[in-house]
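Q: I'd like to learn how to read a protein model feature by feature. Could you walk me through one?

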Amino acid sequence: MDFPELPPGSNVVGVGIDQIEVSRIRESMERHGPAFLNKVFSEREQDVCMQRADPAPCLAARFAAKEAVSKALGTGIGKEFGWLDFEIEKLASGQPVARFSEHGKSALATRQASTALVSLSHLKETASAVVVLIK
Ligand SMILES: CC(C)(COP(=O)(O)OP(=O)(O)OC[C@H]1O[C@@H](n2cnc3c(N)ncnc32)[C@H](O)[C@@H]1OP(=O)(O)O)[C@@H](O)C(=O)NCCC(=O)NCCS
């Protein structure tokens, strides 16, 4: 795959954005329950979001983050990069931090990236994520 040429010395090697309707996540939770949650979200992500009065916007933002990473990698969600290859860890301050599985780290390596910076946002009915891959 061809990627845009980067200025020499640049540490940024990829960017991705995604937004999602919270209702999509709400419907998947209602229809498929734990099967959906366990397919897409790590235990840590589920623990954080299930503590909320309304878990759906929190989960939707993490769903968006996974899709945003997949866009930054250029793979989409599939064999090369799956839902559970990336998770959001939430620091005590509230800031989200990117964590990758071993398979996720291999996907990062194909882009010469070592990690990702991530930012999340959610309203009642929409959630968004922006991801920057760093060398
Ligand atoms: C790549 C992916 C994340 C795109 O997300 P989406 O929600 O379908 O679409 P969005 O509107 O958010 O984004 C569309 C944009 O993504 C970008 N995009 C598409 N494929 C991409 C890729 N391989 N790499 C980077 N960006 C990509 C394009 O710019 C596209 O806009 P364009 O068609 O106008 O050029 C998506 O195809 C994917 O892999 N989704 C997983 C779906 C799935 O398994 N769902 C089951 C739920 S359990």
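Below, we take the sheet, the helices, one residue and the ligand in turn.

A: Happy to! Keep in mind that this is a predicted model.

Q: How is the sheet ordered, and which strands are at its edges?

A: Start with the general idea: strands of a sheet pair through backbone hydrogen bonds, either parallel or antiparallel. Here, three strands form an open sheet in the order β1-β5-β4, and the pairing is antiparallel. β1 and β4 are the edge strands, each pairing on one side only. From one strand to the next, the twist averages 10 degrees.

Q: What joins β4 to β5?

A: A hairpin does, passing through three residues. The two strands run antiparallel and share eight bridges. To see one of them, find Leu120, whose bridge partner in β5 is Ala129.

Q: Which side chains of β4 are buried?

A: In a regular strand the side chains alternate between the two faces of the sheet. Follow β4 (residues 115-122) and you can see this pattern: Ala116, Val118, Leu120 and His122 point to one face and are buried. Thr115, Leu117, Ser119 and Ser121 point to the other face and are not buried.

Q: Is Glu21 buried or exposed?

A: For this you count the other C-beta atoms around a residue, and 12 or fewer within 10 Å means exposed. Glu21 has 12 such atoms within 10 Å, so Glu21 is exposed. You will find Glu21 in strand β1 (residues 12-21). Leaving aside neighbours within four places in sequence, Glu21 is in contact with Glu125 and Thr126. Leu123 is 102 residues apart from Glu21 along the chain, yet their C-alpha atoms are separated by 9.6 Å.

Q: At roughly what angle do α1 and α4 cross?

A: Picture a line along each helix. The axes of α1 (residues 22-32) and α4 cross at roughly 105 degrees and come within 9 Å. The two helices are therefore roughly perpendicular to each other. Val22, Ile25, Arg26 and Met29 of α1 make the contact with Ala56, Pro57, Leu59, Ala60 and Phe63 of α4. These residues divide into eight nonpolar, no polar and one charged. As for the sheet, α4 lies across β1, β4 and β5, running at about 145 degrees to β1.

Q: Which residues surround the ligand?

A: Look for Asp18, Val40, Glu67, Ser70, Lys71, Gly74, Thr75, Gly76 and Ile77. By type, this shell has two nonpolar, four polar and three charged residues. Helix α4 (residues 55-73) gives the most to the shell, with three residues.

Key:
Residues numbered from 1 in each chain as written. Predicted model: local features only at pLDDT ≥ 70, side-chain atom pairs only at ≥ 80, totals over all residues. Helix = DSSP H or I, 4+ residues; strand = E, 2+ residues; numbered from the N terminus. Buried ≥ 20, exposed ≤ 12 C-beta atoms within 10 Å, placed from the backbone. Contact = placed C-beta atoms within 7 Å. Near = placed C-beta within 6 Å. Nonpolar A, V, L, I, M, F, W, Y, C, P; charged D, E, K, R; others polar. Pairing = 2+ DSSP bridges. Axes fitted to C-alpha atoms, helices over the stretch in contact; angles between N-to-C directions. Parallel < 35°, antiparallel > 145°, perpendicular 65-115°, else oblique.
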